[in-house]
Amino acid sequence: MVKTQDKWWKHAVVYQIYPRSFQDSNGDGIGDLKGIMERLPYLEKLGIDAIWLSPVCRSPQDDNGYDISDYQDIDPMFGTLEDMEELIRKAKDHGIRIIMDLVLNHTSDEHRWFLEAKKSKDNPYHDYYVWRDGTEDTPPNEMRASFGGSAWEWVPELGQYYFHQFSVKQPDLNWENEKVRREIYDMILWWMDKGVGGFRLDVIDQIAKEPDLEITANGPMLHAFIREMSRETFQKGELITVGEAWGADVERAKLYSNPNGNEFSMVFQFEHIGLDQQEGKEKWDLAPLPFVKLKKVLAKWQTGLYGRGWNSLFWNNHDLPRIVSRWGNDREYRVESAKMLAALLHGMQGTPYVYQGEELGMTNVRFADISHYKDIESVNMYKERVEAGYDKDDVMESIYARGRDNARTPMQWDGSANAGFTAGTPWIEVNPNYTTINAREELEDQDSVFYFYQKLIRLRKEYPVFVDGKFELLMPEDEKIFAYTRTNGDSRMLVCANFSGEQAECPLLAEWVDAEVLIHNYPGEWSKKLRPYEAVILIQS
């Protein structure tokens, strides 16, 4: 029997909150920390162990809070530092830890370090950032920023360029400078002293950049920097740490999430998330989901990290469309497909992440036209493609399917005005279906998506096979059935799901007729002929 090291986060389920859209306490239309405190009893009832907060540090909000101007203060839109300290304390009373979102690759250009760095080449903070000499017409090289344009910004009073992988208002930090690293470690220890339960590290695979060689991700010093940071900070507490690493493959993930704990607990990798777009094109260029490939990708990560790393399990986050609209059926089979997708994910090895509203089966939104959208990525893409001659309706269909505002419409608490999110005018409109899809309705229905998630979370804590079991993919070439087993000693679990809107036969279920049903997303008995989006988890021991 395999048993994982006794780390609390291996048994845990994390709930991601996008604070701006979760709960507004003061009527200004923007969610805040006091609003989150109001909803802690709800989250305790769901059963989650930790809250990952999207960025709440002080920021000019050029990039949604990922441009931090003060790591040790809270942005006024969300409240005060005292509110954050109170949230940490109150969450603990409910058995919930707070995970902070930290951006260590860059700061805001309004951070005091950068304001000093621009004053002179001799300023002590100048070398906190990445600078190169040059002339105004000739940047150091042709590197492009992820948000468009050159990655180099000219500062005429210094006769130098600074490097920014993202917005021009997000200058990259120079991790080669030991003083930068020490400042960051001291800041992390400061938050640890305040009682946070962990950190999500934004684009952490970019910190070891070598722009002269046009290297951004996975630079040669990356793992040395992470190990030093872990040794100086994370390993001094019982933290969960998850690195965002778009460039991670299975072999790199083994380094990041090595069981010896010298780097992170786990990483977010995104290989499965990019499968339903046209190859070599942008996320807006839609393609059908290659279902067989999805199974094989997820199986690769399950088997590749078994005993040698740890998976993060997610369908949704603040940047992704709602999974029930993306890969389920958000109309005739919304409840069934939301539950099916949950069972598939939570049956795997790793730490599951539930994004706010996922436990209600919240759906994508279809606003009437582009004027209703807030996300700068969607707005810019619409403008560019319409100017390039794309059909407006086709562009809107791409936004309906992939726009980030799908995840950012306010949390749907009840059927009252603005879904119970705010007494004021919400910063972004509420999805009109809030009158039928909301927490109050689901809490009164024992067969709701909410209670399905609640049971899955409880099962993870009750049955060691969820945490420790070895994964095996079954029926890998089947076009409708996603089935796998998890085995741990004498305990064997089967997860079997119909990933389609049609009836599908699963012959292997005949071998499990005497098994115990752990969870089932349809009322009544199951058979080897699965109904649309039917899913069942069985156990033999």
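## A guided tour from helix 5 outward

The buried residues of helix 5 pack against strand 4 (70-74), helix 3 (81-93), strand 5 (97-103), strand 9 (198-202) and helix 6 (222-232). The model on screen is a predicted one, and helix 5 is the starting point of this tour.

**Helix 5.** Select residues 178-193, the 16 residues of helix 5. From its first C-alpha to its last, helix 5 reaches 22 Å, close to the 22 Å expected at 1.5 Å a residue. Now colour Val180, Arg181, Ile184, Tyr185, Met187, Ile188, Trp191 and Met192, which are buried. These residues lie on the same side of helix 5, because they cover an arc of only 160 degrees around the axis. The spacing follows a general rule: an α-helix has 3.6 residues a turn, so residues three or four places apart point the same way. Turn next to the face of helix 5 directed away from the buried side, where the exposed residues Glu178, Lys179 and Asp193 are found.

**The largest nonpolar core.** Keep Ile188 displayed and add Tyr15, Ile51, Leu53, Met84, Leu104 and Phe199. Together, these seven touch the most other members of the largest nonpolar core, which has 140 residues. Helix 15 (residues 449-462) gives the most to this core, contributing eight residues. A second core, separate from the one just described, has 18 residues, including Trp8, Trp9, Trp52 and Leu320.

Return to Met84 and show its surroundings. Which residues is Met84 in contact with, leaving aside its neighbours within four places in sequence? They are Leu33, Leu53, Val56, Ile74, Ile98, Met100 and Trp191. Trp191 is among the buried residues of helix 5, and Leu53 is listed with Met84 among the residues that touch the most other core members.

**A three-stranded sheet.** Select strands 6, 7 and 8, which form an open antiparallel sheet in the order 6-8-7. Strand 6 (131-133) and strand 7 (152-155) stand at the edges; each has a single partner strand, so one side of each is left without a neighbour in the sheet. From one strand to the next, the twist averages 30 degrees.

Centre the view on strand 8 (residues 160-163), which is joined to strand 7 by four bridges in an antiparallel arrangement. Trp154 has Tyr161 of strand 8 as its bridge partner, and Val155 stands opposite Gln160. On the side of strand 6, three bridges make the antiparallel connection to strand 8, and there Asp133 has Gln160 as its bridge partner. Gln160 is thus named in pairings with Val155 and with Asp133.

Display the side chains of strand 8. Gln160 and Tyr162 point one way, Tyr161 and Phe163 point the other way, and all are buried. Then move to the turn: strand 7 and strand 8 form a hairpin with four residues between them, and Gly159 in that turn has a positive phi of about 65 degrees.

**Two asparagines with positive phi.** Most residues other than glycine have a negative phi. Select Asn64, in the loop between strand 3 (57-58) and strand 4; its phi is near 60 degrees, a positive value in a residue other than glycine. Proceed to Asn418, in the loop between helix 13 (405-408) and helix 14 (439-443). The phi of Asn418 is likewise positive, near 60 degrees. With a relative accessible area of 23%, Asn418 is partly exposed.

**Asn329.** Select the loop between helix 9 (323-326) and helix 10 (334-346), where Asn329 is placed. Is Asn329 buried or exposed? Asn329 is buried, because its relative accessible area is 10%, under the 20% limit for that class. Not counting residues up to four places away in sequence, Asn329 touches Val324, Arg334, Ser337 and Tyr533.

**Asp478.** The final selection is Asp478, in the loop between strand 14 (470-474) and strand 15 (481-488). Asp478 counts as partly exposed, at 25% relative accessibility. Apart from neighbours within four places in sequence, Asp478 is in contact with Phe291, Val292 and Lys295. To place Asp478 in the wider model, draw a distance to Ile30: the two C-alpha atoms are separated by 46 Å, and the residues lie 448 apart along the chain.

Key. Residues are numbered from 1 along each chain as its sequence is written. This is a predicted model: local features need pLDDT of at least 70, side-chain atom pairs count only at pLDDT 80 or more; totals for chains, interfaces and linings use all residues. Side-chain values use heavy atoms; hydrogens and water are left out. A nonpolar core is a set of buried Ala, Val, Leu, Ile, Met, Phe, Trp, Tyr and Cys residues joined through side-chain atoms within 4.5 Å. Buried means under 20% relative accessible area, exposed over 50%, partly exposed in between (1.4 Å probe, protein chains only). Contact means heavy atoms within 4.5 Å. Two strands pair if DSSP finds at least two bridges between them. Axes are lines fitted to C-alpha atoms, for helices over the stretch in contact, and angles run from 0 to 180 degrees between N-to-C directions. The expected span of a helix is 1.5 Å times one less than its number of residues. The arc is that of the directions from the helix axis to the C-beta atoms.
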